[in-house]
Amino acid sequence: MYDVVVIGQGLSGMLAAIWARGEGKRTAMIMSGAGKIMQSTGVLDLIPGSRGTLDEWMKQYPFHSENKADVLQAVAKFKALTRELGYPYNGDVREPVPVVTGSGHIKETALYPDTVTPVPDRGHAVVVGFQELPDFQPLFISKNLQKERPLMTVDAIRIPLGEDSQRVLTQLDAARLLDQKEVRARCLRRISGQLADKGISQADFFVFPSSLGNEAWAQTLKQFSEGLGARVTEAPGMPPNATAIRLNDRLKLKAIRSGVRLYADTTVTGADIEKNHIRSVRVRMANRATDVAGRQFVLATGGILGGGLEVTPDGIRETALHLNTDGDGRPMNPPDNLFLAGASGGRQLTRHGIVGGVYSLVSSYASVFGLRKTVAGGMAK
Amino acid sequence: MKKALETEVAVIGGGVTGTGILRDLALRGIKAVLVEQGDLGHGTSTRNHGLLHSGCRYAVRDPEAAVESYQENLILKRTIPGSIEQTGGLFVKVPGDDDAYVRRWLDSCGKLGIPVGEIPLEQAFREEPYLTKEAQAVYQVPDGTIDDFTLLIDVAADAVAHGAALLTYHEVTGIMTEQNHVSGIHVRDTRNGEEQDIYAPIVINAAGPWGMNIAKMAGVPLRIINNKGMLVVFSHRFNKRVINRLRMPGDGDIFVPAHDVTIFGTTGKNTDDPNDFSLNREEMEQMLTTGADLIPEIHQMRLIRAYSGSRPLYQKTAGKGSSGRDVTRGMALLDHGERDGLDGLITITGGKLTTFRLMAERTVDLVCKKLGSDAQCTTREAALPSRKSTDSFSGANLAPAARHKLMNWAGVRTPEFETSLKDREAANVVCECEQVTWAEIDAAIPGDGHLDLGDIRRRTRLGMGPCQGTFCNFRTAALAVEHGKAGTREADCALMRGVKERRKGMGVVATGETAKQLQLMQTIYQVSLGFGNEEEKQHV
């Protein structure tokens, strides 16, 4: 019997599990697939796909303005956790900042790790692409950035990352290559060479793919910013983004090390619900099926994109517990010991397919710290 | 000064009919210009099943169309091997369908000389495991499949190689006449607005669903029923052969394998607007329910997109209340000189993809008569080159799947790709689903400021797979800028247009995995890549 059973290993699920465990709860996390942080950018937006303030966000999501202190507390807790993980996040949800994406367009985000630097209004930027990486084309990106930042000078250079590489790389592959000291040194030499060839000497902002090292991101960041004598940023875009993978790997490691029981490659196929109270969930693993009992359950299976909700010809279906849902996939009269984190709360919460990182973390926080209060707890009340 | 150009024949419409006519004219040494309002085959010619009819489908209701189809089936298998897969086909009788029809059908196929043979049910179930076990009788017929994308490109290329001219993205704005004779057409470049006069003593209206618009400009009466059919694409190919339902032709009764997918359709609803490519969820659900009679597992299979196109059906009298299914699938060749007193104008309409060559032959025969030429049609024998290549692209550093695809794709362009693929980056696979390399995409970009991902898709299969361009459309647009083949704004616009078009076809089939994929596409573009504002800007 667990105190808390978390279903799902996206951002919402991992945070809920880690925080519940941190409160001394016996915690299990049931995971099928790889978790959706893998496909994300690793920066946490307020309202996905549009600019908006914290007040607008609170109006759009089921929060009330008196909860603002709670929201800020949740964010502070997330930032503290990332510092502890050795991958600190910066930013203030009250003041979103502009960041450049892997297309060169600018979007606003609220929370971002050390490898992402907000994009300035002016100065001289250089977009650096790697020949082996088709998902990040520097000239295209530089021109889009130039459109967005007319007062800036934007250049583009393109270097081979490998010595004599023959394969197409993803941003994550490139990040793993840059974990090697000699690859970084070679990379810097090539960048300097190209800058010299193009007569660029005043650049103060370098835009890279989301590839600045995986394990060795801190060394990469330091070596590049010192070597180039400028600020450096990753521009997350087409998945996989190293910006996100680092967060994923570190959260998972934290969950394991802190004693969360992980059920990997395990699918929840239903629940034993009595008087609107979940006693246990039925799970299927590679070679057996069993029940996982708990006092509290957190549904963090995601929305349509995450697979927690499935669109069928007859409507939207909740896939794990088979709860009754409304037309948006919002569970109707959910069990009293179930908490909905992230996009599992229904389609009405998503914008362009996702809820956004800030909602994920706040709803996870609410589901865990609501556990202390009344059963139905959480800020969504 | 307005541009002008003189030729013998102006062909209106770059579908398979017009393109076939252009080739036939060129092979007979007649000067011709084809004018197409969009890209080649953007209409009905790429919005169909891709079925090479054996004629059996029409054996009872329309013996003339059936016989034409069968004869053309044999000719096309010989002359356009690069675009045809000789799959064979099955006609399957299921419970509840009329037994008397089967007898009439067998009788008619026999009389028409179309070879039909019953095969044992066990054999059919073994070869087509998804076929309903309720089947009562299964007959094999010489159906096949046509890749209409390669067909159009190859026919057009052959016409151009023989001296014909081709103007895509040019719309006809008027028909020039002198007394009771046409003298040419006014056209406008739809992209830069530039106008041009094309002087020609003969004008052929091969505009398919848009044919009535052309007739109207010429002031001649013409009644065409545009009968819109919806089709869906499954994520994989589950049938080896074409599977037809053995009954009077109706909705949702043909499954056609096409490369690695299966295409299923269709429906028939009349529409007044030739630009109506709308998709209807309810219509699709009904069609799938019907299809389950042949393939019971149909509802468990993943659909990746839907599309629709209109059959232009000719009606002699402008009768009301026709459903479209009872109008002939046969072709109509109209000499507006004889019919309406406007000499030099010819309309060719109706017909089938399978009979496009014959339509062209008959049309050009009439042209020759009018021009007093005795040049004979050669397209019964003159074959288009195959798409296969024996070269293994050994000089290129290619992924095995991409190599395999190129060896079944490059055809006569093998030497061109051999050269371009020597560049290491050109050999990179941009579209993983369909294994399209940058070399192929690069060769399909005109580089004239009009990057269009749909045009590239029709030439390379870019973005046709399960991810529907989520990854490769972005790469293609960005690479085009990188290689100086497109401007940034041009690339951004092409990308937004391309994503929107893919989303439309996915939206109507978006359940299960496809709904997930659609959301992923939206999230990546609108949120991760930050194109949200770009789209808003374009709407202003």
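Two strands are taken to pair if DSSP finds at least two bridges between them. In this predicted model, strand β7 (residues 123-130) of chain A and strand β9 (residues 205-209) of chain A satisfy that criterion, pairing in the parallel sense over three bridges. Within this pair, Val127(A) has Val207(A) of β9(A) as its bridge partner.

These two strands belong to an open sheet of four strands in chain A, whose order is β8-β7-β9-β10, with parallel pairing. The edges are occupied by β8 (152-159) and β10 (231-235) of chain A; each has a single partner strand, so one side of each is left without a neighbour in the sheet. On average, neighbouring strands of this sheet are turned by 25° against each other, direction ignored. Helix α7 (residues 217-228) of chain A packs on the sheet, where it touches β9 and β10 of chain A. The direction of α7(A) makes about 130° with that of β10(A).

Elsewhere in chain A, Pro331(A) lies in the loop between β16 (315-318) and β17 (338-340). Is this loop residue buried or exposed? Pro331(A) has a relative accessible area of 8%, and because the limit for burial is under 20%, Pro331(A) counts as buried. Leaving aside residues up to four places away in sequence, Pro331(A) touches Leu323(A), Asn324(A), Thr325(A), Leu340(A), Ser344(A) and Gly345(A). As a reference for distance across the chain, Pro331(A) and Glu234(A) are separated by 97 residues in sequence and by 38 Å in space, C-alpha to C-alpha.

The description now turns to the contact between the chains. In chain A, 43 residues are in contact with 39 residues of chain B. The area buried between chain A and chain B is about 3,500 Å², and carbon and sulfur atoms give 57% of that area. On the side of chain A, Phe140(A), Met238(A) and His352(A) lose the most area to chain B, together accounting for 19% of what that side buries.

Polar interactions also cross this interface. The rule finds four salt bridges between chain A and chain B, and there are 12 residue pairs in polar contact, both residues being at pLDDT 80 or more. The elements giving two or more residues to the side of chain A that touches chain B are β5 (106-109), α4 (138-148) and β15 (309-312) of chain A. The largest share of that side, six residues, comes from α4(A). A salt bridge joins the side chains of Glu425(B) and Arg158(A), at 2.7 Å from N to O.

Within chain B, strand β2 (residues 9-12) pairs in the parallel sense with strand β3 (residues 32-35) over four bridges. Ala10(B) stands opposite Val33(B) in β3(B). In a regular strand, side chains alternate between the two faces of the sheet. In β2(B), Val9(B) and Val11(B) point one way, while Ala10(B) and Ile12(B) point the other way, and all are buried.

A charged residue of chain B completes the account. Glu68(B) is placed in helix α2 (residues 63-79) of chain B. With a relative accessible area of 6%, Glu68(B) is buried. Which residues does Glu68(B) touch, not counting those up to four places away in sequence? They are Met331(B), Thr355(B), Leu358(B) and Arg362(B).

Note on methods: Residues numbered from 1 in each chain as written. Chains lettered and ligands numbered in written order. Predicted model: local features only at pLDDT ≥ 70, side-chain atom pairs only at ≥ 80, totals over all residues. Heavy atoms only, no water. Buried < 20%, exposed > 50% of the residue type's maximum accessible area, 1.4 Å probe, protein only. Contact = heavy atoms within 4.5 Å. Axes fitted to C-alpha atoms, helices over the stretch in contact; angles between N-to-C directions. Buried area = accessible area lost by both parts, 1.4 Å probe. Polar contact = N/O pair within 3.5 Å; in protein donor to acceptor, adjacent residues only side chain to side chain.
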